[in-house]
Every structure is written in C-alpha cells, then in structure tokens.
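Reader: I should like to learn how to read the features of a structural model. Could we proceed one feature at a time?

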Amino acid sequence: LAMGTMIQARHLSEADFRGERFKHHPVDLAGNNDLLCLTCPEVVKDIHLRYLAAGADVITTNTFNANALSQADYELAACANELNLAAARIAREAADAVMRTQPRRECFIAGVLGPTGKTASISPDVNDPAARNVDFDTLVAAYRDAAAALIDGGVDLVLIETVFDTLNAKAAI
C-alpha cells in the first residue's frame, strides 16, 4: 500500500488535517495528506514504522504534493518548505528508531518530489495549444526548494515520483 492509501485508511476528519494551527484556514484541507506532517505527525510516523516493521529498508517521505505549486491549491504555498522539512524529519526519526533497536539494519529515507498540478508541456486550454499554466523556471524553483528542504531534513536520496509531463520531470531533475 502507498502512503496515501495508508492515510485514507485512517478516515481522518477535516479537523485532523487542520489541527490547531490551521483551525481557521479559509480553505478545506481534508485530503492534503502532506499537511499531516505538521498537524498529525504521529499518524505519519506510525505509517513509516509499520512499513519498517514489515521489512522495508527504504521508506518515502509524505511529500507527494509538498511543493509550492500543489500547496497553492490549499492556499498553503508558503508552507511547502516546512512540509518537506517536517516530513523528512519524521521519516528519519522512524528509521533511526528502528536502527537503534536493530543495530545491524540499515534503513534509508527517499525524499519524494511528486507531480505538481501544473504542466509545462501541455496546454490546459484545448482552444489555445500554446497556452501554459506554468513556466519551466517556476517548476525548477518549486522542485529545488522542496528538494533542499528534504535534504536538510535528512533524506538519503531524492525520488521523482509520478511526473506525467517530461518537461516537468526535467525541471525536477
């Protein structure tokens, strides 16, 4: 099962996603799984520990949409770096805890750079094939900032995941 599926199985409420910090945020936050790294870090850590207990040696951060472009949909673009840093630290804590109890075991953290809701190669307007809703430099900046926060948080490698546009993938690389 993927991180998102494991989170969905928890049947979390809007209040869980909001926590105290975002209690009065003007936009619905349910489904913003990355935000749980700030509002319910224990849920995310428990999922990591379950993967590690099942034998995984590499776990991925809960950062599928933790980039400024995707978080803008929730009016949380300014939180993207904080989300990546928190997610990396949570995963690192889980892996380190397992390695302390099993000294011969090595566990690694893959920092996830997921897709954005924007595409640099494909027009969002069927009537205007030249139209774009994001430019390459904006994508590069969003991915660079997310990757830097993941690295600062202690990931061992960076995983570019589920990018559906090759120009977006190039920006992530």
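**Reading a helix and its surroundings**

Author: Let us begin with helix α7, residues 136-152: its 17 residues reach 24 Å from the first C-alpha to the last, close to the 24 Å expected at 1.5 Å a residue. Please bear in mind that this is a predicted model.

Reader: Which residues of α7 are buried?

Author: The general idea comes first. An α-helix has 3.6 residues a turn, so residues three or four places apart point the same way. In α7, the buried residues are Leu 139, Ala 142, Tyr 143, Ala 146, Ala 147, Ala 149 and Leu 150. Viewed down the axis of α7, these buried residues fall within an arc of 160 degrees, so they line one face of the helix. Asp 137, Arg 144, Ile 151 and Asp 152 are exposed on the other side of α7.

Reader: What covers the buried residues of α7?

Author: The cover includes helices α5 (68-71), α6 (80-101) and α8 (166-172), together with strand β2 (108-113).

Reader: What is found at the N-terminal end of α7, and what follows the helix?

Author: Asp 135 caps the N-terminal end, with a side-chain oxygen 3.1 Å from the backbone nitrogen of Asp 137. After α7 comes Gly 154, which has a positive phi near 105 degrees.

Reader: How does helix α4 read by the approach used for α7?

Author: Helix α4 covers residues 41-53; its 13 residues reach 18 Å between the first and last C-alpha, close to the 18 Å expected at 1.5 Å a residue. Its buried residues include Val 43, Val 44, Ile 47, His 48 and Leu 52. Among the elements that cover the buried residues of α4 are α1 (3-8), α3 (36-39), β1 (58-60) and α6. Gly 55 follows α4, with a positive phi near 110 degrees.

Reader: Which residues other than glycine have a positive phi?

Author: Most residues other than glycine have a negative phi, and most peptide bonds are trans. Glu 75 is not a glycine, yet its phi is positive, at about 55 degrees. Glu 75 is placed in the loop between α5 and α6, and at 52% relative accessibility it counts as exposed. Thr 162 also has a positive phi, near 55 degrees; Thr 162 is in the loop between β3 (157-160) and α8.

Reader: How many disulfides are there?

Author: A disulfide is a covalent bond between the sulfur atoms of two cysteines. With a cut-off of 2.5 Å between the sulfur atoms, the count comes to 0 disulfides. For Cys 40, the closest cysteine sulfur is that of Cys 37, at 10 Å, which is too far for a bond. Cys 107 is in no disulfide either, since the nearest cysteine sulfur, in Cys 37, is 18 Å away. Cys 40 counts as buried at 7% relative accessibility, and Cys 107 counts as buried at 3%.

Reader: How, finally, should the protein chain be read as a whole?

Author: The chain comprises 8 helices and 3 strands, arranged along the sequence as α-α-α-α-β-α-α-β-α-β-α. Its radius of gyration is 17 Å, close to the 16 Å that the globule rule gives for 173 residues, so the chain is as compact as a globular protein of that length. The C-alpha atoms fill a box of roughly 60 × 35 × 25 Å along the principal axes. Of the 173 residues, 42% are buried. Among contacts with a separation of 6 or more, 70% come from residues 24 or more positions apart.

Notes:
Residues numbered from 1 in each chain as written. Predicted model: local features only at pLDDT ≥ 70, side-chain atom pairs only at ≥ 80, totals over all residues. Heavy atoms only, no water. Helix = DSSP H or I, 4+ residues; strand = E, 2+ residues; numbered from the N terminus. Expected span 1.5 Å × (residues − 1). Buried < 20%, exposed > 50% of the residue type's maximum accessible area, 1.4 Å probe, protein only. Arc of directions from axis to C-beta. Contact = heavy atoms within 4.5 Å. Polar contact = N/O pair within 3.5 Å; in protein donor to acceptor, adjacent residues only side chain to side chain. Rg over C-alpha atoms; globule rule 2.2 N^0.38 Å.
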